[in-house]
Amino acid sequence: MKKTTVLVVDDSATIRHLLTEILSRDPEIEVIGQAPEPAIARQLIKELNPDVITLDIEMPNMNGLDFLEKIMRLRPMPVVMVSTLTQRGAEATIAALELGAVDYHAKPTENLVASLLESGMELAAKVKAAARAQVRARPVPSSKRVQPKMAYSGPSASVVAIGASTGGVEALIELISHFPENCPPTVITQHMPEHFTASFAERLDRICAPKVAEASEGKPLAPGHVYLAPGGRRHLEITGISGFRCKLSEGDPVSGHIPSVDVLFHSVARCAGRNAIGVILTGMGRDGAQGLAAIRNAGGVTLGQDAASCVVYGMPRAAFEAGAVERQLPLEKLGPEIIRQCGLRSEGVQHASSI
């Protein structure tokens with residue numbers, strides 16, 4: 001079996017050697033080079049042609065974001081960002097994911113060596129998944145608010161629930177950009193750590209028509225609002241029969257994650273039933289497959305991102321193979337289709353029509 005080859009780029013010699021040691025423990029990975037800054041990394045990319053790059057954000061001469069932008073514009077390839085668990089690190093990581101980085105790995109500010117060693121298997125899994133990801137050249141992200149192309153008459157009884165993981169930042173920006181200002185209430189679980197979801201919600205709110213914010217305990221779901229599960233130690237659910245509210249609950253990982261897409265989807269199936277629209281997007285693993293099946297069994301509409309447009313066709317594939325997905329669509333068609341289905345719901349149509 002061919003090993004996944006990796007170039008480690010970080011201005012800290014300690015971190016370079018530590019990441020090399022961690023990744024080299026995996027028999028399916030080979031670290032073929034290290035670089036302290038972008039100029040050397042650029043030369044090593046040409047010479048070694050690695051499958052994946054791990055890239056620090058804070059570096060001398062050219063920061064990681066500027067270097068990533070050049071990579072994705074001139075020679076698109078899988079990149080896993082290594083960033084600190086701080087507000088500043090979160091904002092930079094969101095920008096990196098928009099530019100086309102496949103994934104990121106959190107670099108703690110305390111107990112650095114022990115924490116990185118403890119999370120070594122997770123980092124190795126991300127690197128191997130990145131090697132299989134579909135990477136494309138990306139335009140420079142816009143900071144301007146996007147005006148949706150599709151009109152929506154509203155109101156609607158629908159509740160939209162969306163789950164995503166690896167590749168989800170770019171996918172959600174594309175998806176929500178199609179939502180009008182008066183979109184149906186929408187709840188999202190995107191696998192992210194604490195701090196990162198707040199930065200992502202702020203980014204979505206700046207560029208998309210609806211109001212986007214982190215979900216908070218007891219917050220009523222309202223039209224024109226999108227609620228993002230906070231990263232960290234709590235699951236996002238919805239409660240209620242007619243007037244839905246956000247519920248944040250502590251608990252063990254479900255399907256390997258906190259917050260979990262399965263937990264969100266199961267709650268939406270229980271509460272919204274046939275008025276639910278469940279959507280599974282790009283990501284590693286199987287989180288969301290069982291919950292999406294519950295939405296479909298309850299009479300709701302279920303949609304999945306297709307393989308060609310996914311960065312990682314893991315979660316949508318698991319859901320599709322489990323029979324949970326009614327239809328798979330390219331990412332650019334999912335947003336308009338969600339809004340179309342919401343319009344059908346407000347006219348009393350309870351099942352998606354075939355196309």
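Trainee: What makes S5 largely enclosed by the rest of the structure?

Mentor: Count its buried residues: five of the five residues of S5 are buried, so the strand is largely enclosed by the rest of the structure. Buried here means under 20% relative accessible area. Keep in mind that this is a predicted model.

Trainee: How do you know that both faces of S5 are covered?

Mentor: Look at each side in turn. Asp103, His105 and Lys107 sit on one side, Tyr104 and Ala106 on the other, and all of these are buried.

Trainee: And why do we say that S4 and S5 pair?

Mentor: Two strands pair if at least two bridges are found between them. Strand S4, residues 79–84, shares five bridges with S5, so the pair passes that cut-off. The two strands run in the parallel sense. For one of the bridges, start at Val80 and you'll find Asp103 as its partner in S5.

Trainee: Let's go to the largest pocket. What does S5 bring to its lining?

Mentor: Four residues, which is the largest share of the lining. Helix H5 (112–118), helix H6 (120–131) and helix H7 (168–176) also supply at least two residues each. The pocket itself has a volume of about 1,000 Å³. Of its 40 lining residues, the closest to the centre are Tyr104, Glu122, Lys126, Met192 and Pro193.

Trainee: What kinds of residue make up that lining?

Mentor: A mix: 17 nonpolar, 15 polar and eight charged residues.

Trainee: Glu122 and Lys126 came up just now. Why is their contact called a salt bridge?

Mentor: The rule asks for a side-chain nitrogen of Lys or Arg within 4 Å of a carboxyl oxygen of Asp or Glu. Glu122 and Lys126 come to 3.1 Å, N to O, so the pair qualifies. Both lie in helix H6, four residues apart, about one turn of the helix.

Trainee: Which of the words buried, partly exposed and exposed fits Glu122, and which fits Lys126?

Mentor: Glu122 has 44% relative accessibility, so it counts as partly exposed. That class covers values between 20% and 50%. Lys126 has 11%, so it counts as buried.

Trainee: How many salt bridges does the structure hold?

Mentor: There are 11. One of them joins the side chains of Glu98 and Arg203 at 2.7 Å, N to O. Glu98 is in helix H4 (residues 87–99) and Arg203 in helix H8 (residues 196–207), so this pair ties together parts that are 105 residues apart in sequence. Both Glu98 and Arg203 are buried. There's also a network of salt bridges that links Asp26, Glu28 and Lys128.

Trainee: What makes the contact of Arg270 with Glu237 a salt bridge?

Mentor: Try the cut-off again. The closest N and O atoms are 3.2 Å apart, and the limit is 4 Å, so the contact counts. Arg270 lies in helix H9 (residues 261–272) and Glu237 in strand S10 (residues 234–239), so the pair ties together parts that are 33 residues apart in sequence.

Trainee: Why is Arg270 called exposed, and why is Glu237 called buried?

Mentor: Exposed needs over 50%. Arg270 has 58% relative accessibility, so it counts as exposed. Glu237 has 13%, so it counts as buried.

Trainee: Which other side chain makes a polar contact with Glu237?

Mentor: That's Ser249, at 3.2 Å. The limit for a polar contact is 3.5 Å, so this distance fits. Ser249 is found in strand S11, residues 245–250, and with 16% relative accessibility it counts as buried.

Trainee: How do you know that His235 is buried?

Mentor: Its relative accessibility is 4%, so it counts as buried. His235 lies in strand S10. Its side chain reaches the backbone oxygen of Asp252 at 2.9 Å and the backbone nitrogen of Ser260 at 3.2 Å.

Trainee: Last one: is Lys46 buried or exposed?

Mentor: Exposed, because its relative accessible area is 61%. Lys46 is found in helix H2, residues 38–48. Its C-alpha atom is 10.0 Å from that of Arg75, and the two residues are 29 residues apart along the chain.

Notes: Residues numbered from 1 in each chain as written. Predicted model: local features only at pLDDT ≥ 70, side-chain atom pairs only at ≥ 80, totals over all residues. Heavy atoms only, no water. 1 Å grid on protein atoms, 1.4 Å probe; cavity = no way out; pocket = protein on both sides within 12 Å on 5 of 7 lines; lining within 4 Å. Points joined across faces, edges and corners; volume = space filled by probe spheres on them. Nonpolar A, V, L, I, M, F, W, Y, C, P; charged D, E, K, R; others polar. Buried < 20%, exposed > 50% of the residue type's maximum accessible area, 1.4 Å probe, protein only. Polar contact = N/O pair within 3.5 Å; in protein donor to acceptor, adjacent residues only side chain to side chain.
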